[in-house]
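User: I should like to go through this model with you, beginning with the ligand site. Could you take my questions one at a time?

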Amino acid sequence: MPIYNAPTRDTRFVVNELIRLESYGNLPGFESATPDMTDAIIEEAGRFVSEVIAPLNLSGDKEGCTRHADGSVTTPTGFKDAYRQYVEGGWGTLSAPEAYGGQGLPHVMGFIMEKYLATANQAFAMYPGLANGAISAIIAKGSPEQQAKYLPKMVTGEWLGTMNLTEPHCGTDLGMIRTRAEPQADGSYAITGTKIFISAGDHDLTENIIHLVLAKTPGAPESSKGISLFIVPKFIVNDDGSLGEKNGVSVGSIEEKMGIHGNATCVMNYDGAKGWMVGEENKGLAAMFIMMNAARLGVGMQGLAQAEVAYQNGLAYALDRRQGRALTGPVDPQAKADPIIVHPDVRRMLMDAKTFIEGMRALCLWGALQVDLSHKAATAEERQMADDLISLLTPVIKGYGTDMGYKVATDMQQVWGGHGYIAENGMDQFVRDARIAMIYEGTNGVQAMDLVGRKLAQNGGRAIQALFALIDAECAEESSDEAVKLVAERLAKANGELKAATMWFMQNAMANPNNLGAGAYAYMTLTGIVSLGLMWLRMAKVAAAAIADGTEDTAFYEAKLTCARHWATRYTTEAGALRRQVEAGGETIMALTPEQLAIA
Ligand SMILES: Cc1cc2nc3c(=O)[nH]c(=O)nc-3n(C[C@H](O)[C@H](O)[C@H](O)COP(=O)(O)OP(=O)(O)OC[C@H]3O[C@@H](n4cnc5c(N)ncnc54)[C@H](O)[C@@H]3O)c2cc1C
């Protein structure tokens with residue numbers, strides 16, 4: 001049975017010492033986020049997730065979800081009771097607005113809970129995770145009546161929600177959707193069409209499910225400019241809030257898939273189902289982007305989550321499994337062999353993993369703080385800066401975060417050798433579950449295009465210039481600590497590679513847009529390495545200061561400095577190579593004809 005330990009010590013480090021949530025106490029919602037309060041939430045969330053959610057991960061994977069003859073769907077044994085406890089504990093309400101029954105705490109706290117859930121059990125975490133996206137869209141674009149009708153029960157978790165975009169012939173290119181919305185005399189719409197791959201499309205966790213569905217009204221433009229967004233409840237909600245008749249939506253089947261078996265990925269059939277438009281006609285994609293941006297950060301955290309649980313199990317095995325001897329001589333001469341953790345190649349995988357996980361945790365929670373600051377910071381300038389940074393880095397957190405999450409999961413499987421490939425040990429589940437995060441919410445290739453095609457150029461490149469300036473300033477700060485100096489020097493250099501790659505795009509993308517598309521992925525990866533480096537520079541500074549101040553927890557802070565040096569000496573070596581990949585342009589990538597590609 002795989003292990004799971006909630007990383008509460010490192011989470012508290014990020015919240016209290018790195019992003020210093022307490023220092024924003026003058027902003028609305030932050031006043032109650034004192035260290036005492038946030039520490040208590042972190043510890044209790046860790047306990048709940050370890051005891052209630054993690055034990056259902058392996059069994060949920062094996063059992064999967066079931067569609068019954070009457071069309072109903074049930075989740076794996078134990079999910080329903082665990083979800084009841086999640087709702088009773090108010091875990092979904094941490095960062096939701098108080099107006100709808102939420103606790104109004106900073107986003108950072110909700111993100112921590114989301115991340116803990118996904119580490120313990122990604123399939124389970126997706127049920128409330130999808131609902132969070134739906135809640136964001138209704139808050140941003142719903143009418144006051146819609147908000148009053150749906151949000152209170154969605155915020156408490158009494159009802160869950162879904163996102164219905166994908167159709168058999170269109171995933172990335174949503175302009176092609178065929179689902180129709182016919183206006184009805186009572187102001188509602190009759191929704192007809194088929195959606196596929198819908199996560200949490202149906203289940204037995206809640207009595208109602210609020211589907212958010214993209215569809216086209218009659219005469220709407222045949223492009224993404226002709227899409228509208230609709231609320232389509234599984235059961236119609238009466239004006240007094242009680243549940244009425246079953247709506248015309250049903251589950252055609254549950255997809256057979258590679259991982260996240262505990263989450264019901266459904267084919268949804270809408271047969272004249274009653275729906276209500278959210279926001280303006282033909283502006284559905286903009287509303288959906290609100291859901292998707294929230295969801296993309298959440299998916300980036302799934303990369304971190306699977307890396308983290310795989311690492312915990314990789315480390316435990318490396319300490320236990322004995323094979324061969326240390327290169328420097330036996331570490332445990334009484335035994336027939338040393339534990340495999342003595343081998344530098346095993347250590348390489350563990351150190352790469354730990355450095356990614358702790359850097360990514362910092363990046364995700366700093367990103368969550370930017371979401372808060374983009375709404376709540378004291379000045380318009382600070383709000384804009386936070387909004388610029390998180391808009392720029394959302395595709396990076398999603399794309400780089402999930403690529404690395406998958407890589408770490410396979411590396412940890414590798415630490416287990418052949419035993420990692422045997423299903424009963426559970427390492428394969430982390431790899432299978434991590435794989436989907438690179439695909440959904442926009443594939444990572446599409447994230448890369450969002451970064452270079454939209455985010456870089458927005459407002460004359462204001463966001464990327466702000467990131468460059470931030471990094472330059474922080475690298476230039478004086479320090480007497482050797483680790484800090486090393487990280488600052490290597491980060492400045494990697495940032496220089498990123499600047500050069502950006503400049504190359506500016507000079508070569510207009511002439512041939514394929515140059516942009518061909519370099520996008522390398523650019524996203526380079527931005528990921530640099531963003532992680534900014535976090536490691538900051539963590540190194542905090543750790544050096546704690547040691548200088550005579551901390552009693554030297555092991556923790558010294559490990560931080562070693563990981564920072566590991567980032568500086570191992571992660572940055574790729575930066576120059578990635579820049580050169582960008583500069584190679586699209587010529588060879590696009591040169592071969594389909595016939596030439598097919599020559600075997
Ligand atoms: C388990 C699972 C759960 C899912 N959950 C949901 C859900 O809850 N709701 C929902 O609506 N959808 C959901 N999806 C769908 C998912 O979001 C899509 O599969 C994904 O966005 C990709 O779309 P596609 O599969 O049609 O691939 P395609 O769009 O056909 O893409 C195929 C390939 O072409 C590339 N490509 C396509 N267009 C471009 C472009 N313009 N530039 C560069 N490369 C491009 C892609 O990167 C990819 O490599 C889920 C999918 C799975 C497998």
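User: Which ligand atom does the backbone of M163 approach, and at what distance?
Analyst: In this predicted model, a nitrogen atom of the ligand lies 2.8 Å from a backbone N or O atom of M163.

User: What about side chains? Where does T172 come in?
Analyst: A polar side-chain atom of T172 is 2.5 Å from an oxygen atom of the ligand. The side chain of T443 also takes part, with an N or O atom 2.6 Å from a ligand oxygen atom.

User: How much of the ligand does the protein bury?
Analyst: The protein buries 61% of the 980 Å² that the ligand exposes when taken alone.

User: Which elements give two or more residues to the shell around it?
Analyst: Those elements are β3 (160-164) and β5 (189-199). The largest contribution to the shell is that of β5, with three residues.

User: And how many residues surround the ligand in total?
Analyst: There are 18, and the closest are L165, T166, T172, F197 and T443. By class, the shell comprises eight nonpolar, eight polar and two charged residues.

User: F197 is on that list. What is notable about its phi?
Analyst: F197 is not a glycine, yet its phi is positive, near 60 degrees. The residue sits in strand β5. As background, most residues other than glycine have a negative phi.

User: Which loop holds I260, and what is its phi?
Analyst: I260 lies in the loop between β10 (249-254) and β11 (265-278). Its phi is positive, at about 35 degrees, although I260 is not a glycine.

User: Changing topic to empty space: what is the volume of the second largest pocket?
Analyst: The second largest pocket holds about 440 Å³ of space. Its lining consists of 21 residues, and those nearest its centre are Y24, W366, L369, Q370 and L373.

User: Which helices supply at least two residues each to that lining?
Analyst: They are α9 (344-376), α10 (380-415), α13 (458-476) and α15 (513-548).

User: How does the lining divide by class?
Analyst: The lining of the second largest pocket has 15 nonpolar, two polar and four charged residues.

User: How many cavities of 30 Å³ or more are there?
Analyst: The count is one. The largest cavity has a volume of about 50 Å³.

User: Which residues line the largest cavity?
Analyst: The lining is formed by T11, I112, K115, Y116, M301, L304, R361, C364 and L365. In terms of class, six of the lining residues are nonpolar, one is polar and two are charged.

User: And which elements supply at least two of those residues each?
Analyst: For the largest cavity, these are α5 (107-120), α8 (284-320) and α9. Helix α9 also supplies at least two residues to the lining of the second largest pocket.

User: Finally, the overall fold. How many helices and strands does the chain have?
Analyst: The protein chain has 19 helices and eleven strands.

User: Why would one call the chain as compact as a globular protein of its length?
Analyst: The radius of gyration is 24 Å, and the globule rule gives 25 Å for 600 residues; the two values are close, so the chain is as compact as a globular protein of that length.

User: What box do the C-alpha atoms fill?
Analyst: Taken along the principal axes, the C-alpha atoms of the chain fill a box of roughly 80 × 65 × 60 Å.

Definitions and conventions: Residues numbered from 1 in each chain as written. Predicted model: local features only at pLDDT ≥ 70, side-chain atom pairs only at ≥ 80, totals over all residues. Heavy atoms only, no water. Near = heavy atom within 4 Å. Polar contact = N/O pair within 3.5 Å; in protein donor to acceptor, adjacent residues only side chain to side chain. Areas by Shrake-Rupley, 256 points an atom, 1.4 Å probe, with all protein chains shown as cover. Helix = DSSP H or I, 4+ residues; strand = E, 2+ residues; numbered from the N terminus. Nonpolar A, V, L, I, M, F, W, Y, C, P; charged D, E, K, R; others polar. 1 Å grid on protein atoms, 1.4 Å probe; cavity = no way out; pocket = protein on both sides within 12 Å on 5 of 7 lines; lining within 4 Å. Points joined across faces, edges and corners; volume = space filled by probe spheres on them. Rg over C-alpha atoms; globule rule 2.2 N^0.38 Å.
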